[in-house]
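Please walk through this structure with me, from its aromatic contacts to its ligand and then to its unusual backbone spots. Keep the sequence and the 3D view open as you read.

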Amino acid sequence: MPSTVAVVGGGYGGITAARELDASADVVLVEPRDTFVHHVAALRGLVDPAWVDRIFLPYDGLLERGRVVRDRAAAVDPRGVVLGSGERIDADFVVLATGASYPFPAKFAEHDSAEAKARLRAAHAELAAARGVLLLGAGPVGLELAGEIKAAWPGTAVTVVDPAPDILAGPFPEEFRKEVRRQLEELGVELVLGTALTAEPATAPGRAAPLTAATESGRTISADIWFRCHGTAPHSDYALDGGLASARRPNGGLDVAPDLRLPGHETVFAIGDVTTLPEAKTARNATTHAKAVAAGVRALMEGGEPAPYEPLPPGIVLPLGPGGGASYSPETGMLDAATTAQIKGETMMVEHYRELLGVA
Ligand SMILES: Cc1cc2nc3c(=O)[nH]c(=O)nc-3n(C[C@H](O)[C@H](O)[C@H](O)COP(=O)(O)OP(=O)(O)OC[C@H]3O[C@@H](n4cnc5c(N)ncnc54)[C@H](O)[C@@H]3O)c2cc1C
């Protein structure tokens, strides 16, 4: 009898783990959304409506033997998953791949793709009419969004505010930050760093409404719309009891051992953004975790032991619109705008995920 593997969460890590194990186990992928969401291209979807439909990819072609169950995991224990419907899925192994939330438009809380598309199109219309945009957060999402807005509407004023003294916290060399700052300046994006707003704008984020915001350093910024580009929370409420709670940190992150199993649990793995691994939260890393865990599950099925997971060196690909941006990894050094456009900016990596999901 093949083992049953419950993969909880059908994002980047979950679809990779499910696909890798499909041939050797009975895979059940649990996911409340009606489609995979290619969040990596979400910001392009905001500024270019032609991209809206391309971000939502059906799960139908992902698995040959396994099945996708549209529901959320309400509770997880080492022997299976209880769904929101109350149904239980017994499993020999559980892979937790439930990711983390991020404010719209970087991620969508909606589980229904029609609702998410409608929200994205509505926000596009409001953004298109704005003359000034305020972005809170100078990390990869805030800067990528600034680049997308400037590429689509060069005349729109974009201001990015962040309390950190510089853009892009992380293990990147000064040369990389300098190049990104140079391109932002060329695009006319204003960076207001080292200071915070005295109070969050009174208007709702992502909705057109004139606003004036003050910074602690004494600046006054006027805009017609603002977006929150910081603040993420791991999804792991299903681990509040059922024996997994000892791995769950107060912020919701799940601790994992070097082989990506929850400490003290032989059959439960966690991958991707839901983990507390001290590395960048990226689809690239989630995919690497998924492949390591698939190999670990196969080893256990054959009577062996999972090997420790080997992290990739840190890396970042930061498009600033379809043709701009910069990338960095220790192996390649800094890559220029043209190379960054080839890697992500032009295609938003969507073909890779269409192939993985078997989308015709
Ligand atoms: C705008 C933007 C651009 C990005 N660009 C890049 C990039 O260029 N390259 C890169 O490598 N990374 C990029 N990232 C980061 C990347 O998107 C995340 O690191 C990645 O999504 C993490 O994958 P994951 O599988 O851990 O989680 P997710 O992809 O978030 O998937 C988690 C899934 O679990 C589901 N889920 C949640 N709770 C439950 C539950 N209780 N039961 C069942 N299912 C549940 C969710 O619905 C979701 O589908 C970007 C992120 C954003 C927001």
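Y12, F36 and Y353 form one aromatic cluster. The model is predicted, and every value here is computed from it. A search of the whole structure finds 8 aromatic pairs. A pair of aromatic rings is described by the distance of the centres and the angle of the planes.

Take Y12 and F36 from that cluster. Their ring centres are 5.1 Å apart. Their planes meet at 85°, so the pair is edge-to-face, because planes over 60 degrees apart fall in that class. What does the contact join? Y12 lies in helix α1 and F36 in strand β3, which covers residues 36-37. The two parts are 24 residues apart in sequence, so the pair ties them together. Are these two residues buried or exposed? Y12 has 12% relative accessibility, so it counts as buried. F36 has 0%, so F36 counts as buried too. The cut-off for buried is under 20% relative accessible area.

Now move to F104 and F108. These two form another aromatic pair. Their centres are 6.0 Å apart, and the angle between the planes is 55°. That makes the pair tilted. An angle of over 60 degrees would be needed for edge-to-face, and one under 30 degrees for stacked. Both F104 and F108 are buried.

F104 has a charged partner as well. R119 lies over the face of F104, at 3.9 Å from the ring centre. A similar arrangement involves a tryptophan: R54 lies over the face of W51. Here the distance to the ring centre is 4.5 Å.

F104 also takes part in a backbone feature. A cis peptide bond joins F104 and P105. Its omega is about 10°. P105 is placed in the loop between β10 (100-101) and α3 (113-128). So F104 brings three features together: a tilted ring pair with F108, R119 over its face and the cis bond to P105.

Next comes the ligand. Which residues come nearest to it? Of the 30 residues around the ligand, they are G13, E31, A73, D273 and K344. The shell divides into 12 nonpolar, 10 polar and 8 charged residues. Which helices each supply at least two residues of the shell? They are α1 (12-21) and α6 (283-301). α6 gives the most, with 3 residues. Recall that α1 also holds Y12 of the aromatic cluster.

Look next at the polar atoms around the ligand. An oxygen atom of the ligand is 2.8 Å from a polar backbone atom of G13. K107 uses its side chain instead: an N or O atom there is 3.0 Å from a ligand oxygen atom. T282 uses its backbone, with an N or O atom 3.2 Å from an oxygen atom of the ligand. How much of the ligand does the protein cover? Taken alone, the ligand exposes 1,000 Å², and the protein buries 90% of that.

Two residues have unusual backbone angles. L168 has a positive phi of about 55°, although it is not a glycine. It is found in the loop between β12 (157-162) and α5 (174-187). L168 counts as buried because its relative accessibility is 1%. M348 likewise has a positive phi of about 55° and is not a glycine. Its loop runs between α7 (337-345) and α8 (350-356). At 0% relative accessibility, M348 counts as buried.

Finish with two pairs of positions. L187 is found in helix α5. With 30% relative accessibility, L187 counts as partly exposed. L187 and G147 are 40 residues apart along the chain, and their C-alpha atoms are separated by 7.6 Å. A280 lies in the loop between β18 (268-270) and α6. At 46% relative accessibility, A280 counts as partly exposed. A280 and R249 are 31 residues apart in sequence. In space they are 18 Å apart, C-alpha to C-alpha.

Conventions
Residues numbered from 1 in each chain as written. Predicted model: local features only at pLDDT ≥ 70, side-chain atom pairs only at ≥ 80, totals over all residues. Heavy atoms only, no water. Near = heavy atom within 4 Å. Polar contact = N/O pair within 3.5 Å; in protein donor to acceptor, adjacent residues only side chain to side chain. Areas by Shrake-Rupley, 256 points an atom, 1.4 Å probe, with all protein chains shown as cover. Helix = DSSP H or I, 4+ residues; strand = E, 2+ residues; numbered from the N terminus. Nonpolar A, V, L, I, M, F, W, Y, C, P; charged D, E, K, R; others polar. Phe/Tyr/Trp six-rings, centres within 6.5 Å; stacked < 30°, edge-to-face > 60°. Buried < 20%, exposed > 50% of the residue type's maximum accessible area, 1.4 Å probe, protein only. Lys NZ or Arg CZ within 6 Å of the ring centre and 35° of its normal.
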